[in-house]
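Biologist: Please take a close look at one part of this model. I would like to hear about a single strand, its partners and the packing around it.

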Amino acid sequence: MRRRSLVGPLLLIGIGALFLARNVMPELPLLDYLAQYWPFLLVLWGSLRLIEIVIWSVRRQPLPVYGLSGGEWLLVIFLCMFGVSLHTVRGFTSWFPRSGIEWGGLEVFGESYDYPVAAEVTAGSATPRITVEGIRGKVRISGSDSTAVKVSGRQTIRAADQATAERGLPESKIVAVSEGGSIVIRPASVPPQPFSTSRDPDTKGKRLISRSRRVTSDIDIAVPKGAVLVVRGQDTDVDVSGMLGSADVAGDNTSVRLENITGEVRVDVSGSSMVRAVDLKSGFELKGRGNDIDLEKIAGQVTVSGSWSGLVQMREMAKPVRWNGLQTTMSFQGLPGDLRMTIGDISGTRIQGPLRIESSNKDIDLVDTVGATNINLQRGDIRINSGLAVVPEITVRAQSGSIEVTLPEKAKFNLNAATDSGDVSNQYGGELREQDSGRRGHSLVSSLGGASVDLHLNRGDITVRSGAVTRSPAQLPVLKDAPKGAPPDPVAQ
């Protein structure tokens with residue numbers, strides 16, 4: 001009887017599970033995971049076939065002449081070509097290190113040798129342009145009252161012996177030089193060149209800045225406070241603080257921390273584990289893809305676009321915020337309270353409206369939103385709790401899920417809550433009237449005067465309940481220079 005292998009069905013189940021996870025969680029960076037971890041499919045495949053052959057041998061069944069058939073070898077070749085191509089397209093580094101062997105980001109062979117870093121150059125003015133490029137490792141940049149640019153710290157070179165490490169030291173040595181009216185801080189082997197991240201669609205004529213993974217740096221850079229700062233890196237942790245001028249940070253696999261910066265800030269990163277910005281006096285723009293975002297005390301307008309799959313936190317935003325993600329767009333006029341967003345939910349307290357949220361799959365929980373609220377959702381549960389003495393205008397549209405709205409007792413509002421397939425629960429009181437909207441639909445209405453509360457759900461239940469007044473109009477947050485009127489549509493990045 002011909003033996004049947006379980007390898008193919010198990011692999012199909014695994015691949016199907018991956019795409020199912022992508023459908024359930026639309027913002028899951030599945031392509032990035034496939035680009036990085038596709039070799040595990042080969043490992044799993046080979047392990048399963050080895051286990052099958054061992055079982056056949058123990059049972060004294062005839063063993064196959066070849067471990068894999070010709071068709072399976074063809075599929076292996078196709079999978080390798082697909083994996084390498086996807087890995088290149090998504091902008092990750094090569095699987096084959098330039099020297100040495102790495103496992104989990106650590107070198108398996110060789111020793112680490114540390115060398116001091118010291119460089120200094122006079123800026124000549126209080127507002128020079130300073131560029132930091134091609135440095136792998138940790139870079140801390142802080143503003144000072146001096147017109148000198150000082151670099152200090154250490155470099156670590158991993159090599160088989162000290163003589164080999166010292167031969168590479170002249171090329172990896174970090175220098176600070178004056179070029180074309182600006183100051184450039186970079187390794188000696190990196191010539192002046194345009195910078196391009198691997199995500200740029202047009203890299204013709206550009207050369208990617210890429211340092212050997214065997215050389216890492218841990219340096220501090222003191223620059224004049226008024227300097228215009230440009231940072232270009234790869235595999236870099238950037239920390240900028242105490243600057244009066246603007247800052248522009250870009251790179252691959254680059255984490256960014258910003259604090260106490262007066263000028264405009266722009267960040268464009270790919271594969272970032274964390275972007276944190278605290279106490280920025282002007283506008284902040286963030287583009288790219290990565291995991292966590294933490295923003296606090298930003299006085300200017302905030303614009304975020306791209307793909308972010310981790311935890312997003314915002315607190316004390318004084319000006320409008322625009323979010324343009326792969327599956328969610330959001331805009332509001334300010335944030336005296338806080339906002340928290342993950343791949344599956346949004347929760348916010350004391351958001352300054354008008355607030356607009358459009359998403360395909362999110363659970364939304366809002367408390368005491370000041371101003372109009374407009375939510376358009378395909379799938380998810382929505383909870384709105386308004387403890388304001390004056391009920392704001394609320395408009396909610398959802399395809400499936402549930403809607404729960406809590407409004408103060410004896411408040412003035414005109415309610416129109418309807419579901420095409422589901423129930424409407426009146427836990428508010430006798431002021432609301434239930435109506436039959438058809439064979440499967442129900443609605444709840446009131447005409448008490450005041451703002452409009454319009455809730456519509458295709459499939460699911462709606463609940464309207466009463467709560468206590470938590471804040472009077474005199475306690476409402478007042479944002480400095482808060483713009484009037486409805487906000488513009490979320491910007492398209």
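Modeller: A term to begin with: two strands pair if DSSP finds at least two bridges between them. The model is predicted. Take strand β14, residues 302–308. This strand is mostly covered, with six of its seven residues buried. Strand β13, residues 284–298, pairs with β14 in the parallel sense. Seven bridges join β13 and β14. One example is Leu 286, whose bridge partner in β14 is Val 304. β14 also pairs with strand β16, residues 321–325. The pairing of β14 and β16 is parallel too, over five bridges. There, Gly 306 stands opposite Gly 325 in β16.

Now the packing. Phe 284 and Leu 455 have the most contacts inside the largest nonpolar core, which has 82 residues. In general, nonpolar side chains tend to be buried together in soluble globular proteins. Beyond its neighbours within four places in sequence, Phe 284 is in contact with Val 302 and Thr 303, among others. Its further contacts include Leu 258, Val 265, Val 267, Val 275 and Ala 277. Leu 295, Ile 298 and Gln 301 are also in contact with Phe 284. Apart from the largest core lies another, of six residues. Among them are Tyr 115, Ile 157, Ala 159 and Ala 165.

One aromatic pair completes the view. The ring centres of Phe 413 and Tyr 428 are 5.4 Å apart and their planes stand at 90°, so the pair is edge-to-face. Both Phe 413 and Tyr 428 are buried. Phe 413 lies in strand β24 and Tyr 428 in the loop between β25 and β26, so the pair ties together parts 15 residues apart in sequence.

Technical notes
Residues are numbered from 1 along each chain as its sequence is written. This is a predicted model: local features need pLDDT of at least 70, side-chain atom pairs count only at pLDDT 80 or more; totals for chains, interfaces and linings use all residues. Side-chain values use heavy atoms; hydrogens and water are left out. A nonpolar core is a set of buried Ala, Val, Leu, Ile, Met, Phe, Trp, Tyr and Cys residues joined through side-chain atoms within 4.5 Å. Buried means under 20% relative accessible area, exposed over 50%, partly exposed in between (1.4 Å probe, protein chains only). Contact means heavy atoms within 4.5 Å. Rings of Phe, Tyr and Trp (its six-membered ring) pair if their centres lie within 6.5 Å; planes under 30 degrees apart count as stacked, over 60 as edge-to-face and the rest as tilted. Helices (H or I, at least four residues) and strands (E, at least two) are DSSP runs, numbered from the N terminus.
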